[in-house]
Number of protein chains: 2
Amino acid sequence: MENTYYTAKHQRLARYAKALGHPARVLIIELLSRQSCCYSGDLANDLPIARSTLSQHLSELKDAGLIQGEINPPRIRYCLNRANWEEAAQLFKTLFDSQL
Amino acid sequence: MENTYYTAKHQRLARYAKALGHPARVLIIELLSRQSCCYSGDLANDLPIARSTLSQHLSELKDAGLIQGEINPPRIRYCLNRANWEEAAQLFKTLFDSQL
DNA sequence: TTCGTATTTCGTAAAAATACGAAACAAAGG
DNA sequence: CCTTTGTTTCGTATTTTTACGAAATACGAA
């Protein structure tokens with residue numbers, strides 16, 4: 001991590017961008033940002049992928065910090081991680097605003 | 001492409017996001033958006049990777065439509081693709097603004 | 001306790017991304 | 001023509017991503 005070339009911001013931005021780098025994850029995020037929270041099963045109905053694959057995508061979004069899941073047995077409720085979502089929004093905004 | 005789940009916007013957003021999903025590419029884009037255009041060799045000095053690897057990253061950004069290169073022998077001048085950059089900015093903005 | 005529901009983890013396979021150095025290329029200058 | 005310069009393409013190796021179905025887990029209800 002002792003890299004003088006990439007700053008923490010570069011790395012975080014890349015991390016968030018990568019998490020959004022698949023249409024399924026974009027759709028998941030879009031659904032979550034519109035209707036607050038969702039259960040994995042509800043998401044499964046809106047996506048053309050196996051539930052295990054959906055679970056993997058959810059894990060990636062979670063690892064990147066964009067979403068969080070709270071257990072609500074026997075289901076798991078996924079919501080945006082608002083704090084990180086705000087950070088990501090800010091990082092992207094700064095990048096896009098920096099043009100001449 | 002006949003997928004009723006992912007819209008064209010989801011796919012384009014994912015494409016742009018994926019292109020930004022590596023710190024080297026974030027840095028490249030940041031440099032380009034700040035100082036209009038750059039030569040590949042100049043970028044090489046700011047990045048901790050081999051020139052051939054840089055060339056690959058530039059190709060990916062070009063394939064995603066975020067940058068364009070114009071030949072200026074014996075060098076190649078890379079610039080942002082402004083139209084697509086605007087589109088990407090708009091797509092991200094819409095995504096981030098759609099929260100409750 | 002056994003069953004049913006919701007979801008994840010495991011095992012695995014195939015494809016894509018990342019990286020490097022060597023070689024190729026294209027154009028200008030000697 | 002030969003060399004130098006800037007850059008890309010090729011060949012290759014390693015790692016990561018994407019995807020699926022089967023099995024495991026966790027919990028409430030019967």
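## Exercises on a protein–DNA model

**Exercise 1.** Of the 21 residues around DNA strand D, identify those that come nearest.

*Solution.* The residues that come nearest to DNA strand D are R25(A), Q56(A), H57(A), G41(B) and Y78(B). A residue counts as near a molecule or strand if one of its heavy atoms lies within 4 Å of it. This is a predicted model, in which local features need pLDDT of at least 70 and side-chain atom pairs count only at pLDDT 80 or more, while totals for chains, interfaces and linings use all residues. Residues are numbered from 1 along each chain as its sequence is written, chains are lettered from A and ligands numbered from 1 in the order in which they are written, and side-chain values use heavy atoms, with hydrogens and water left out.

**Exercise 2.** Describe the surface near DNA strand D: which elements give two or more residues to it, and into which classes do its residues divide?

*Solution.* Begin with individual atom pairs, taking a polar contact as a pair of N or O atoms within 3.5 Å; within protein, one atom must be able to donate a hydrogen and the other to accept it, and residues adjacent in sequence count only if both atoms are side-chain atoms.

1. K18(A) places a polar side-chain atom 3.0 Å from a phosphate oxygen of DNA strand D.
2. S52(A) has a polar side-chain atom 3.1 Å from a base nitrogen of this strand.
3. From chain B, a polar backbone atom of S40(B) is 3.2 Å from a phosphate oxygen of DNA strand D.
4. The elements that give two or more residues are α4 (51-63) of chain A, together with α3 (40-45), α4 (51-63) and β3 (75-80) of chain B. Helices (H or I, at least four residues) and strands (E, at least two) are DSSP runs numbered from the N terminus.
5. The largest share, five residues, comes from α4(A).
6. By class, there are seven nonpolar, nine polar and five charged residues; Ala, Val, Leu, Ile, Met, Phe, Trp, Tyr, Cys and Pro count as nonpolar, Asp, Glu, Lys and Arg as charged, and the others, Gly among them, as polar.
7. On the DNA side, 66% of the strand D atoms within 4 Å of the protein belong to sugar or phosphate, and the rest to bases.

**Exercise 3.** Determine which residues are closest to DNA strand C and where the largest share of the surface near it comes from.

*Solution.* DNA strand C is surrounded by 21 residues, of which G41(A), Y78(A), R25(B), A50(B) and H57(B) are the closest. Of the strand C atoms that come within 4 Å of the protein, 67% are accounted for by sugar and phosphate. Phosphate oxygens of this strand lie 3.2 Å from a side-chain N or O atom of K18(B), 3.3 Å from one of H22(B) and 3.0 Å from a polar side-chain atom of T53(B). The largest share of the surface, five residues, comes from α4(B).

**Exercise 4.** Characterise the contact between chain B and chain A by its residues and its buried area.

*Solution.* Contact means heavy atoms within 4.5 Å, and 38 residues from chain B and 38 residues from chain A take part. The buried area, which is the accessible area (1.4 Å probe) that two parts lose on being put together, summed over both, is about 3,300 Å², with carbon and sulfur atoms giving 69%. Between the chains there are two residue pairs in polar contact, both at pLDDT 80 or more. On the side of chain B that touches chain A, α1 (8-19), α2 (23-34) and α5 (82-97) of chain B each supply at least two residues. The residues of that side divide into 21 nonpolar, eleven polar and six charged.

**Exercise 5.** Establish what relation holds between chain B and chain A.

*Solution.* Superpose the copies by least squares on the C-alpha atoms of residues with pLDDT of at least 70 in both. A turn of 180 degrees and a shift of 0.0 Å along the axis lay chain B on chain A with an RMSD of 0.0 Å. That is the relation of a two-fold axis. Moreover, 100% of the interface residues of chain B are also interface residues in chain A, so the copies meet through the same surface.

**Exercise 6.** Locate the salt bridge of E87(A) and state which helices it joins.

*Solution.* A salt bridge is a side-chain nitrogen of Lys or Arg within 4 Å of a carboxyl oxygen of Asp or Glu. The count is eight over all chains, and zero between chain B and chain A. The partner of E87(A) is R12(A), at 2.1 Å from N to O. E87(A) lies in helix α5 (residues 82-97) and R12(A) in helix α1 (residues 8-19) of chain A, so the pair ties together parts that are 75 residues apart in sequence. Chain A has five helices and three strands, in the order α-α-β-α-α-β-β-α from the N terminus.
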